[in-house]
Amino acid sequence: MTKDETRAMLFMIRANYPQAFRDAGESEMRLIAQTWHDVFEPYDSSVVRYALTECFKTSRFAPSIAEVLGKIKAIMNDFTDEDDWKIACKMIRNGNWLTKEEWDEAPEHIRRWFGSMSAVKELANQEAGTLQTVTRGQFMKTIGAVREDC
């Protein structure tokens with residue numbers, strides 16, 4: 001996760017919890033941003049964003065680093081090949097209109113499985129029956145290994 005992505009995450013927190021960081025001065029905000037970045041840097045930004053969104057659904061107060069990390073660990077342990085296939089299918093359905101931003105937001109292991117945006121676009125033009133049989137089979141057979149490599 002980059003520093004810009006960390007800042008965006010903190011802006012999301014502030015937008016959803018107006019009291020969060022309300023009394024923090026400029027130097028304190030720099031320290032907060034650096035601390036959050038140090039903790040979340042090793043994680044894929046899409047996973048962190050998803051975990052943060054899950055925290056938003058259940059908490060009346062701004063989530064702590066520990067809460068977001070707990071959600072990330074739960075998500076990573078619960079992520080199945082079928083969940084990955086749902087994400088991949090959504091990308092394929094949007095394939096001809098897939099934006100660079102959407103590509104970048106996808107989990108790293110799914111991006112690696114596709115290899116490139118152009119591969120997603122090629123699959124988008126594939127016959128639906130082939131997609132749900134052949135491509136799905138290839139995906140299910142290999143995504144676990146790709147996930148472990150990330």
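Here are some worked exercises on the helices, salt bridges and cysteines of this predicted model.

**Exercise 1. The sides of helix α2**

Work out which residues of α2 are buried and which exposed residues sit on the face turned away from them.

*Solution.*
- Step 1: Find the helix. α2 covers residues 26-40, 15 residues in total. From the first C-alpha to the last, α2 reaches 21 Å, close to the 21 Å expected at 1.5 Å a residue.
- Step 2: Pick out the buried positions. In α2 these are Ala33, Trp36, His37 and Phe40.
- Step 3: Look at their directions. The four cover an arc of only 100 degrees around the axis, which puts them on the same side of α2.
- Step 4: Turn to the other face. Away from the buried side, α2 carries the exposed residues Ser27 and Leu31.

**Exercise 2. A salt bridge inside one helix**

Find the salt-bridge partner of Asp4 and explain how the two residues are placed in helix α1.

*Solution.*
- Step 1: Recall the principle. Side chains of opposite charge can pair when their charged atoms come close.
- Step 2: Check the distance. Asp4 pairs with Arg7, and their closest N and O atoms are 2.5 Å apart.
- Step 3: Place the pair. Both belong to α1 (residues 3-16), and because Asp4 and Arg7 are three residues apart, about one helical turn separates them.
- Step 4: Compare with the surface cut-offs. Exposed means over 50% relative accessible area. Asp4, at 56%, is therefore exposed, while Arg7, at 38%, is partly exposed.

**Exercise 3. Salt bridges between α5 and α9**

Identify which residues of helix α5 form salt bridges with Arg147 and Arg136 of helix α9, and state how far apart in sequence the parts are that each pair ties together.

*Solution.*
- Step 1: Start with Arg147. Its side chain meets that of Asp81 in a salt bridge, with 2.7 Å from N to O.
- Step 2: Locate this pair. Arg147 lies in α9 (residues 128-149) and Asp81 in α5 (residues 81-93), so the pair ties together parts that are 66 residues apart in sequence.
- Step 3: Move on to Arg136. Glu82 forms a salt bridge with Arg136, and the closest N and O atoms are 2.5 Å apart.
- Step 4: Locate this pair too. Glu82 is in α5 and Arg136 in α9, so parts 54 residues apart in sequence are tied together.
- Step 5: Add the accessibilities. Arg147 is partly exposed at 24%, and so is Asp81 at 27%. Glu82 is partly exposed at 33%, and Arg136 is partly exposed at 27%.
- Step 6: Step back to the whole structure, where a search finds ten salt bridges.

**Exercise 4. A buried acid in a network**

Which residues are linked with Asp84 in a network of salt bridges, and is Asp84 buried or exposed?

*Solution.*
- Step 1: Name the members. Asp81, Asp84 and Arg147 are linked in the network.
- Step 2: Place Asp84, which is found in helix α5.
- Step 3: Judge its surroundings. At 0% relative accessibility, Asp84 counts as buried.
- Step 4: List its contacts. Leaving out residues up to four places away in sequence, Asp84 touches Phe79, His109, Ile110, Phe139, Ile143 and Arg147.

**Exercise 5. The cysteines**

How many disulfides does the structure hold, and are Cys55 and Cys89 buried or exposed?

*Solution.*
- Step 1: Recall the bond. A disulfide is a covalent bond between the sulfur atoms of two cysteines.
- Step 2: Count. The structure holds zero disulfides.
- Step 3: Read the accessibilities. Cys55 is buried at 3% relative accessible area, and Cys89 is buried at 7%.

Definitions and conventions: Residues are numbered from 1 along each chain as its sequence is written. This is a predicted model: local features need pLDDT of at least 70, side-chain atom pairs count only at pLDDT 80 or more; totals for chains, interfaces and linings use all residues. Side-chain values use heavy atoms; hydrogens and water are left out. The expected span of a helix is 1.5 Å times one less than its number of residues. Buried means under 20% relative accessible area, exposed over 50%, partly exposed in between (1.4 Å probe, protein chains only). The arc is that of the directions from the helix axis to the C-beta atoms. A salt bridge is a side-chain nitrogen of Lys or Arg within 4 Å of a carboxyl oxygen of Asp or Glu. Contact means heavy atoms within 4.5 Å. A disulfide is a pair of cysteine sulfur atoms within 2.5 Å.
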